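Let's take a walk through this structure together, with the pockets as our way in. Have the 3D view open as you read.

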Amino acid sequence: MRLSDALIAEFIGTALLFLVGAGAHIAATRLAGGGFEVVLAESLAIGFGITALVLSLNPVSGAYFNPLVSVLMCVQKELEWKHLAAYLAVQFGGALVGVLLTHSLFALPLLQLSANPQPGLGLAWSEWVATLGLLLVIHRVGETRSQAVAYAVGAYLVAATWFTPSHAVANPALTVARMFTDTGAGIRPVDALGFLVAQSLALVALVLAIRLRKRFGALGD
């Protein structure tokens, strides 16, 4: 694959991924007013959306759309370390453009700062669990049935949106982007740090587990 094509695909995919989740949340809130319907709409949109995006863009860039997944792919030698910085830049940039796209579609002010509180260790712990699960699914399914990764990730995110109180953001690029939308999908900047630390620690935990498995066979097959 050409690096330029890959970076464009990652930029577009991450922008659309933000739109899928945040747009579904905003639309469901307007239509239903909140509660059960919002979580249902958001989870289904994310599940179907990520599946479609991965199937569409995987041949071009790997369809990572997530800085943590990009780092994991470098660890697994599926992405060259020298390309990591470029991948991270377009993923964070794409997510921020996704904010502008979402706001424009819903006739909201383009530039916002979230005031939506998401505080506490409980939500950070939730993000650690959600992120570790996502990365584990990508790692294990990628090893055994690579063609099924899109479906596995979509199914996992539908479930994780329900079983985690943080609704499984599990993506630093989307977390940063959510700081700039003052909607129900937003995360107050002061609270975003806890999400980012938890997500990063989940990656560290999985990489350590992979190293242990390779060295000692601790996890088995």
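Let's start with the second largest pocket, which has a volume of about 170 Å³. It is lined by 16 residues, and Gln118, Ser166, His167, Arg178 and Gly184 sit closest to its centre. Helix α2 is the top contributor to this lining, giving 3 residues. As for the chemistry, the lining of the second largest pocket splits into 7 nonpolar, 7 polar and 2 charged residues. Keep in mind as you look around that this is a predicted model.

Now move over to the largest pocket, with a volume of about 910 Å³. Here 47 residues make up the lining, and those nearest the centre are Gly62, Ala63, Tyr64, Ile138 and Val149. Plenty of helices chip in: α1, α2 (36-61), α3 (67-75), α5 (121-144), α6 (149-163), α7 (172-178) and α8 (189-216) each give two or more residues to the lining. Helix α2 turns up again, supplying the largest share of the lining of the largest pocket with 7 residues. Sorted by type, the lining of the largest pocket has 28 nonpolar, 13 polar and 6 charged residues.

Next, have a look at the surface. Ile8, Phe11, Ile12, Leu16, Val97, Leu101 and Leu105 form a nonpolar patch there, covering about 550 Å². Two elements, α1 (3-32) and α4 (84-105), give two or more residues to the patch, and α1 gives the most, with 4. One patch member, Leu16, lies in helix α1 and counts as partly exposed because its relative accessible area is 30%.

What about charged partners? The whole structure holds 6 salt bridges. One of them joins the side chains of Arg2 and Asp5, at 3.0 Å from N to O. Arg2 is exposed, at 57% relative accessible area, while Asp5 is partly exposed, at 30%.

Another pairs Glu143 with Arg140, at 2.6 Å from N to O. Both of these residues belong to helix α5, and they are 3 residues apart, about one turn of the helix. Glu143 is partly exposed, with a relative accessible area of 43%, and Arg140 is partly exposed too, at 27%. Arg213 joins this pair, so to speak: Arg140, Glu143 and Arg213 are linked in a network of salt bridges.

Last stop: Arg188 and Asp191, whose side chains meet in a salt bridge at 2.9 Å, N to O. Is Asp191 buried or exposed? Asp191 counts as buried, because its relative accessibility is 10% and the cut-off for buried is under 20%. Its partner Arg188 is partly exposed, at 30%.

Definitions and conventions: Residues are numbered from 1 along each chain as its sequence is written. This is a predicted model: local features need pLDDT of at least 70, side-chain atom pairs count only at pLDDT 80 or more; totals for chains, interfaces and linings use all residues. Side-chain values use heavy atoms; hydrogens and water are left out. Patches are made of residues with over 30% relative accessible area and no salt bridge: like charges are joined within 9 Å, nonpolar side chains (Val, Leu, Ile, Met, Phe, Trp, Tyr) within 5 Å. Accessible areas come from the Shrake-Rupley method with a 1.4 Å probe; for residues, only the protein chains shown count as cover. A salt bridge is a side-chain nitrogen of Lys or Arg within 4 Å of a carboxyl oxygen of Asp or Glu. Buried means under 20% relative accessible area, exposed over 50%, partly exposed in between (1.4 Å probe, protein chains only). On a 1 Å grid over the protein atoms alone, a cavity is a set of points where a 1.4 Å probe fits but cannot get out, and a pocket is an open set with protein on both sides within 12 Å along at least five of seven lines; lining residues have an atom within 4 Å of a point. Grid points are joined across faces, edges and corners, and a volume is the space filled by probe spheres set on the points. Ala, Val, Leu, Ile, Met, Phe, Trp, Tyr, Cys and Pro count as nonpolar, Asp, Glu, Lys and Arg as charged, and the others, Gly among them, as polar.
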